[in-house]
Each structure stands twice: as structure tokens, then as C-alpha cells.
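Please open the model in a viewer and keep the selection tool at hand. The tour moves from one selection to the next and describes what is found at each stop.

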Amino acid sequence: MSKILEEAITVVSPEHCKGCGLCVISCPQDVLFQIDGFNSKGYHPADYTGEGCTGCGMCFYACPEPAAITVYKKGAEHDAA
Ligand code: SF4
Ligand code: SF4
């Protein structure tokens, strides 16, 4: 069941991420990082720390992989809310 988000969140699809790190360095809030583990292609995918995203979208626009990042703004519906 989806809920209305009380704050913005960013979700990375690990299998679409190629571990380039551009989202990490583009985030003004410094709330993205690359995990130590690997995805099936051998990349270290990015992930969201879980706190502090403003929904600015900088990571989305920095990412070269169209399906890797989704930014949900405050007030959006999301299953993981
Ligand atoms: S939407 Fe903005 S604040 Fe949120 S993770 Fe992306 S770059 Fe950082
Ligand atoms: S910019 Fe995109 S491809 Fe690069 S690490 Fe971030 S989510 Fe992965």
C-alpha cells in the first residue's frame, strides 16, 4: 500500500547503476554513497543514506543511466513510505 511521503527520498535501482559515482558527487546534501558490495555486473551501486534528501533532482540529472535513479518529492506517493 502506498503512502504520501512526508519528505523527499531518492531510490537507486542497483542493477541499473554502473557505479560511476556522478550522483554521489552531485548531491548538495551529501546523502548518497556507493555501497561496498557489487551488483551482478560488478559495479558498486549508489544508495541513499535514508535521510536528508531535499528532492532537488541533481542526482537524477547527473546520472547517465536513465533507469538508475528515481527521486520522489515530498507529497508524492510511494510504497516504501
Ligand atoms: S534529490 Fe538532491 S538531495 Fe536528494 S539525493 Fe538527489 S541530489 Fe541529493
Ligand atoms: S550516477 Fe547513476 S550510474 Fe552513476 S553511481 Fe549514481 S546511480 Fe549509479
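Helices, of at least four residues, and strands, of at least two, are DSSP runs numbered from the N terminus. With that in mind, select Val31: this residue belongs to the loop between H1 and S3. The model on display is predicted.

**The loop after H1**

Keep Val31 selected and show its surroundings. Val31 counts as partly exposed, because it has 19 C-beta neighbours inside 10 Å and a residue needs 20 or more to be buried. Apart from neighbours within four places in sequence, Val31 is in contact with Tyr48, Thr49, Glu51, Gly52 and Cys53. For a distance across the model, draw a line from Val31 to Ser2: the two are 29 residues apart along the chain, and their C-alpha atoms are separated by 23 Å.

Next, select Asp30, which lies in the loop between helix H1 (22-26) and strand S3 (32-34). Is Asp30 buried or exposed? Asp30 counts as exposed, since 10 C-beta neighbours lie inside 10 Å. Its backbone deserves inspection as well: Asp30 is not a glycine, yet it has a positive phi of about 55°.

**Helix H1**

Move to Ile25, which is placed in helix H1. Ile25 counts as exposed, because it has 12 C-beta neighbours inside 10 Å, and 12 or fewer is the limit for that class. Now add Met58 to the selection. Ile25 and Met58 are 33 residues apart along the chain, with 9.8 Å between their C-alpha atoms.

**The two ligands**

Select ligand 1 and display the residues around it. Its shell holds 15 residues, the closest being Cys27, Cys53, Cys56, Met58 and Cys59. By class, this shell divides into 9 nonpolar and 6 polar residues, with no charged ones. Met58, the partner of Ile25 in the previous distance, is thus met again among the closest residues here.

Proceed to ligand 2. Which residues are closest to ligand 2? They are Cys17, Cys20, Cys23, Cys63 and Ala68, out of 15 that surround this ligand. The shell of ligand 2 comprises 11 nonpolar, 2 polar and 2 charged residues.

**Ala68 and the nonpolar core**

From the shell of ligand 2, select Ala68 alone. Leaving out residues up to four places away in sequence, Ala68 touches Val12, Ser13, His16, Cys17 and Cys63. Ala68 is also part of the largest nonpolar core, which has 10 residues in all. Its other members are Val12, Cys17, Cys23, Cys27, Leu32, Ala46, Cys59, Cys63 and Ile69. Colour this set to see where it lies in the chain.

**Towards the end of the chain**

Select Ala76, in the loop between strand S5 (69-72) and strand S6 (77-78). Ala76 is partly exposed, with 16 other C-beta atoms within 10 Å. Now add Ala8: although 68 residues separate Ala76 and Ala8 in sequence, they are 8.1 Å apart in space, C-alpha to C-alpha.

**The whole chain**

Finally, clear the selection and view the entire protein chain as a cartoon. From the N terminus on, its elements follow the order β-β-α-β-β-α-β-β, which comprises 2 helices and 6 strands. The radius of gyration is 12 Å, close to the 12 Å that the globule rule gives for 81 residues, so the chain is as compact as a globular protein of that length. The C-alpha trace spans about 35 × 30 × 20 Å along its principal axes. Buried residues account for 16% of the 81 residues. Of the contacts between residues at least 6 apart in sequence, 67% join residues at least 24 apart.

Note on methods. Residues are numbered from 1 along each chain as its sequence is written. Chains are lettered from A and ligands numbered from 1 in the order in which they are written. This is a predicted model: local features need pLDDT of at least 70, side-chain atom pairs count only at pLDDT 80 or more; totals for chains, interfaces and linings use all residues. A residue is near a molecule or strand if its C-beta atom, placed from the backbone, lies within 6 Å of it. Ala, Val, Leu, Ile, Met, Phe, Trp, Tyr, Cys and Pro count as nonpolar, Asp, Glu, Lys and Arg as charged, and the others, Gly among them, as polar. A nonpolar core is a set of buried Ala, Val, Leu, Ile, Met, Phe, Trp, Tyr and Cys residues joined through C-beta atoms within 7 Å. Two residues are in contact if their C-beta atoms, placed from the backbone, lie within 7 Å. The radius of gyration is taken over C-alpha atoms; the globule rule is 2.2 Å times the number of residues to the power 0.38.
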